[in-house]
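Please open the model in your viewer and set it to a cartoon view. The tour goes from the whole chain to a few selections.

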Amino acid sequence: MPYYVTTPIYYVNAEPHLGHAYTTIAADVLARHMRQRGEEVFFLTGTDEHGEPVTLAAEKLGITPRELGDRNVVHFKELAARLHVTNDFFIRTTDPEHYAVVERVVQGVHDNGHVYEGTYEGWYCPLCADFKTDSELEEGNRCPIHKIVLEREKEDNWFFRLSAFQGPLERLYADRPDFVIPQNRYNEALSFIQQGLQDLSLSRPRLKWGVPVPWDRDQVIYVWIDALLNYYSALSYAREGEDLTDRFWPADVHLIGKDILKFHAVIWPALLMAAGIEVPRRVTIHGFLLLGEHKMSKSLGNVIDPIQVVDLYGSDALRFYVLREVRFGQDGEVSPEAFERRYTSELANEYGNLSSRTLAMIERYRGGVVPEADPPKELADEFDGLAEAVKTRLGEVDLTNALDEIWRRVKLLNRYVQDEQPWQLAKDEAQAERLDTVLYGLAEGLRVVSVLLQPFMPESAERLLAALGRDDLSLETARFGALPGGARCGKLGQLFPKVEAEAPAA
Ligand SMILES: [Zn+2]
């Protein structure tokens, strides 16, 4: 089955931060997991490069908006690479192929009778590149996101008849209760629709930086319309000489932050309906990672900068932490201190130490070969159904609970080694068979959790699997007892070494 997952395209004007890393990591976990299932995956990320903020920032620097995009896109590509993200394509809305698709689709919306000429008056936030309704404004006519005072603006432009899609959207929501998850975001989007939709201006007469309106080339298409269409346009040219649209559209999951819910859960499906294109299967909303009050950490200072974390601790540690610490879909607090705590207690101790101890015991007691034995029942029972549970959770984009299912087994293996004390068994020749069983159980348990952890922590999981002499990543093999003993183990080194670095002086 084809599986298509997207991140939002990131605004090229910003510096990449933890929030960008969070969404991209989550999408990568889904993409890697689906590949383990044997699905044909397409994973898209990229940058949104049009709009007023880019123009303004470029002007300040004395360069063109395109030059600014070229300069900043490098940071987003670097972040993806440093996080070991396996996107199949990186779209830029300045790609000429994207322009062509946007013009074609918007022309279709026009030809289908959903566009008219009108005058717009409203509160405009140049940083959102969006008009705000009266009810959205905060005290003092401020943007609810940027907190700046907004001016009332008036302009003649083209309108998209969004109001005509209230009924079709309500039917979509009624037919597909999982169109938007989690439930509270579904409710929020639906109630926004039910309150009555206002038509949306589709173009901007004052701006020059964007995709021209095909029938009125003095105007450019509103940056959000252009940006949303990236999910659709990319498929037409991501692979040279091939159009992937029929294979991968509609998208299975759009992953987004809660601040862009309205665009993805209301405007996007309406726009697609107006163009006669199928709507995506699901829009999944995650919460924000909040940096609360906390003490300075020794290694990271008082912020979590993704590149700095990756430099010091490796990308797996960051990938693990953001999905483990905060329930996916909800807001939650993160801090450098909590990061370090989890790094030490869970990654270095529970996973890293357990792995190196197990390999050391197999080396010392069994010459580096995993013993042949029947799977110990006490572990087999606990691992029963694990792969299916992880599959179900990830199918529901419930990343935190999927990870928790796996980590409960990591903890279980730690208890098992404490209970069984293989180093004591090794002293008694009469216990040789029991020792075989325990060592096989540990190696097999570590193998299964590592196959399942691979989407979350690809580097460490693959290193451990290689050291266990079993590098098959397919989900089929993620059953306890699926593979027999007999594998020759290799060297592992420390998966999560102690980090001594001091924070740079602030
Ligand atoms: Zn704003």
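The stops below begin with the chain as a whole, then turn to one sheet and one loop.

**Whole chain**

Keep in mind throughout that this is a predicted model. Show the full protein chain first: its secondary structure comes to 19 helices and 15 strands. Turn the C-alpha trace along its principal axes, where the protein chain spans about 90 × 50 × 45 Å. The radius of gyration is 26 Å, which agrees with the value near 23 Å that a compact globule of 506 residues would have.

Next, colour by relative accessibility. Of the 506 residues, 57% count as buried. Switch to a surface view: the protein chain exposes about 21300 Å², and carbon and sulfur atoms supply 47% of that area.

Now display contacts. Among those in the protein chain with a separation of 6 or more, 76% are between residues 24 or more positions apart. Then select the charged side chains. There are 55 positive and 79 negative charges, and the mean positions of the two sets are 3 Å apart.

**An open sheet of three strands**

Select β9 (203–204), β10 (212–213) and β11 (residues 216–221). In what order do these three strands form their open sheet? The order is β9-β11-β10, with antiparallel pairing. The edge strands are β9 and β10, each of which pairs on one side only.

Look at the β9 side of the sheet. Here β9 and β11 pair in the antiparallel sense over two bridges. Pick Arg 204 and look across to β11, where Val 220 stands opposite.

Move to the β10 side. Two bridges join β10 to β11, and these strands also run antiparallel. Pick Val 213, which has Asp 216 of β11 opposite. Follow the backbone from β10 into β11: the two strands form a hairpin, with two residues between them.

**A loop residue**

Go to the loop between β5 (130–132) and β6 (151–160), and select Glu 139, which lies in this loop. Is Glu 139 buried or exposed? Glu 139 counts as exposed because its relative accessibility is 75%, and the cut-off for exposed is over 50%.

Add Val 149 to the selection and draw a distance between the C-alpha atoms of Glu 139 and Val 149. These two residues are 10 residues apart along the chain, and their C-alpha atoms are separated by 9.3 Å.

Conventions:
Residues are numbered from 1 along each chain as its sequence is written. This is a predicted model: local features need pLDDT of at least 70, side-chain atom pairs count only at pLDDT 80 or more; totals for chains, interfaces and linings use all residues. Side-chain values use heavy atoms; hydrogens and water are left out. Two strands pair if DSSP finds at least two bridges between them. Helices (H or I, at least four residues) and strands (E, at least two) are DSSP runs, numbered from the N terminus. The radius of gyration is taken over C-alpha atoms; the globule rule is 2.2 Å times the number of residues to the power 0.38. Buried means under 20% relative accessible area, exposed over 50%, partly exposed in between (1.4 Å probe, protein chains only). Contact means heavy atoms within 4.5 Å. Accessible areas come from the Shrake-Rupley method with a 1.4 Å probe; for residues, only the protein chains shown count as cover. Lys and Arg count as positive and Asp and Glu as negative; His and the chain ends are not counted. The place of a charge is taken as NZ of Lys, CZ of Arg, CG of Asp or CD of Glu.
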